[in-house]
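Let's work through a few exercises together. Each one sets a task, and the solution then goes step by step.

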Amino acid sequence: MYGTYMVVQRKLLGLAIFACALAGVAFAQQARPPACVAKVLVPEVTMVITEQISEIPEHIEVRVIPAVYETVTEQILVRDVVIDEAVSAPVSETVTERIEITPQQTEIELFPAEYETRTEQILIKPAHVTWQVSDGPCDLEGHTLNAEEASVVQELGICPVMMPAKYRTETRRALVRKQRVETSLTPSVYEDISTEVVKVPSAEAAADVDPLYETIVRQRLVTPPRQEAVTVPAAYKTVEKQVVVQPAHISEQEVVCDSEITPEIVLSLQRALQKAGYTVADDGVLGQDTLRAMKAYQQQNRLMLGRLTSETLVSLGVPHN
């Protein structure tokens, strides 16, 4: 009997806990205020991308490798064998020989490429339609809005505005004249060497005199000059561009219900706007001046624009349910 009593007691306790849990959930659902939905302007979503632009294109440069010479020393016969103490003097004659001292040379002169600095406009943000807070009627000419969108725009106090494209001035080097090579020919250099040669020897010789030589130094070509083509890769510069991933559009989003906009919340909103640098009275009334300052803050901080949203209150640090 006692065991049965304990089992029944545990079952009753479990049912009581379950009932309390259900009551708590029902109370929480009733305590949470219903969400309100209204049309607001969702700001555009942009993204910064990087792009490589050519600064110097790929090109071929010619490099000149000069000729290689070596110094050669030679002995040239100046006077042939002569006979001394001859009975009859020998008959000699002078022979002139032209010796090449420096061979013909081919000279290659390299003129480097010429560049100049040029400026050009780089598109960093294309022209697009944005929305701005306005006190007066909107000029909707040239904008494709249907009747419902136009009505919502007028109600929210915002107008579509065409923003011009943004450009950035970039400087780069531009090729004006390509590299060129000019070849010139330097003639050989010669030197005349005179040699005395015995044409008729003496009738009777007593002794021979050794021949006479002269040492000359000349340049000998070992390797001729040559050209070598080298491919120089292109040089690029990284620029940043801002592109619109999702344009601004009107959409139904969750907003703070009118029943939740109490004077205390409005007063906190006004003081937060004052702290953010906007001129607005702190009277707890959500009037036109407060709404205009709130929309300007939403636009500046790229928030959903037009209505009081939880996103705006969180951004301003205003506590709310």
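**Exercise 1. Find which residues L273 is in contact with, leaving aside its neighbours within four places in sequence.**

Step 1. Contact here means heavy atoms within 4.5 Å. This is a predicted model, where local features need pLDDT of at least 70, side-chain atom pairs count only at pLDDT 80 or more, and totals for chains, interfaces and linings use all residues. Residues are numbered from 1 along each chain as its sequence is written, and side-chain values use heavy atoms, with hydrogens and water left out.

Step 2. Skip the neighbours within four places, and the partners of L273 are Y278, V280, T290, A293, M294, Y297 and L316.

**Exercise 2. Work out which element supplies the largest share of the largest nonpolar core.**

Step 1. Start with the rule: a nonpolar core is a set of buried Ala, Val, Leu, Ile, Met, Phe, Trp, Tyr and Cys residues joined through side-chain atoms within 4.5 Å. Buried means under 20% relative accessible area, exposed means over 50%, and partly exposed is in between (1.4 Å probe, protein chains only).

Step 2. The largest core has 17 residues, and those touching the most other members are L269, L273, Y297, L308, L313 and L316.

Step 3. Helix 3 (263-275), helix 4 and helix 5 (310-316) each bring at least two residues to this core. Helices (H or I, at least four residues) and strands (E, at least two) are DSSP runs, numbered from the N terminus.

Step 4. Helix 3 comes out ahead, with five residues, the largest share of this core.

Step 5. There's also a second, separate core of 10 residues, with V152, V153, L156 and I158 among them. As background, nonpolar side chains tend to be buried together in soluble globular proteins.

**Exercise 3. Say which parts of the chain the salt bridge between E44 and R302 links, then look at two other pairs.**

Step 1. A salt bridge is a side-chain nitrogen of Lys or Arg within 4 Å of a carboxyl oxygen of Asp or Glu. By this rule there are five.

Step 2. The E44 and R302 side chains meet at 4.0 Å, N to O. E44 sits in the loop between strand 1 and strand 2 (45-56), while R302 sits in the loop between helix 4 and helix 5, so these are distant parts of the chain, 258 residues apart.

Step 3. Check the burial of each partner. E44 is buried, at 9% relative accessibility, whereas R302 is partly exposed at 42%.

Step 4. Next, R220 and E70 form a salt bridge at 1.9 Å, N to O. Because R220 is in strand 15 (residues 212-223) and E70 in strand 4 (residues 68-79), this pair ties together parts 150 residues apart in sequence. R220 is partly exposed at 37%, and E70 is partly exposed at 31%.

Step 5. Finally, R292 pairs with D289, with the closest N and O atoms 3.0 Å apart. Both residues belong to helix 4 and are three residues apart, about one turn of the helix.

**Exercise 4. Describe the lining of the largest pocket, then do the second largest pocket.**

Step 1. Get the rule straight. On a 1 Å grid over the protein atoms alone, a pocket is an open set of points with protein on both sides within 12 Å along at least five of seven lines, and lining residues have an atom within 4 Å of a point. Grid points are joined across faces, edges and corners, and a volume is the space filled by probe spheres set on the points.

Step 2. The largest pocket holds about 400 Å³ of space. Its lining has 21 residues, with E155, L291, K295, G306 and R307 nearest the centre.

Step 3. Strand 1 (36-42) and helix 4 (288-300) are the elements giving two or more residues to that lining. Helix 4 gives the most, with four residues.

Step 4. Now the second largest pocket, with about 290 Å³ of space. It is lined by 16 residues, and E44, T130, W131, Q299 and R302 lie nearest its centre.

Step 5. Here strand 9 (128-133) and helix 4 each supply at least two lining residues, and strand 9 has the largest share, four residues.

Methods: On a 1 Å grid over the protein atoms alone, a cavity is a set of points where a 1.4 Å probe fits but cannot get out, and a pocket is an open set with protein on both sides within 12 Å along at least five of seven lines; lining residues have an atom within 4 Å of a point.
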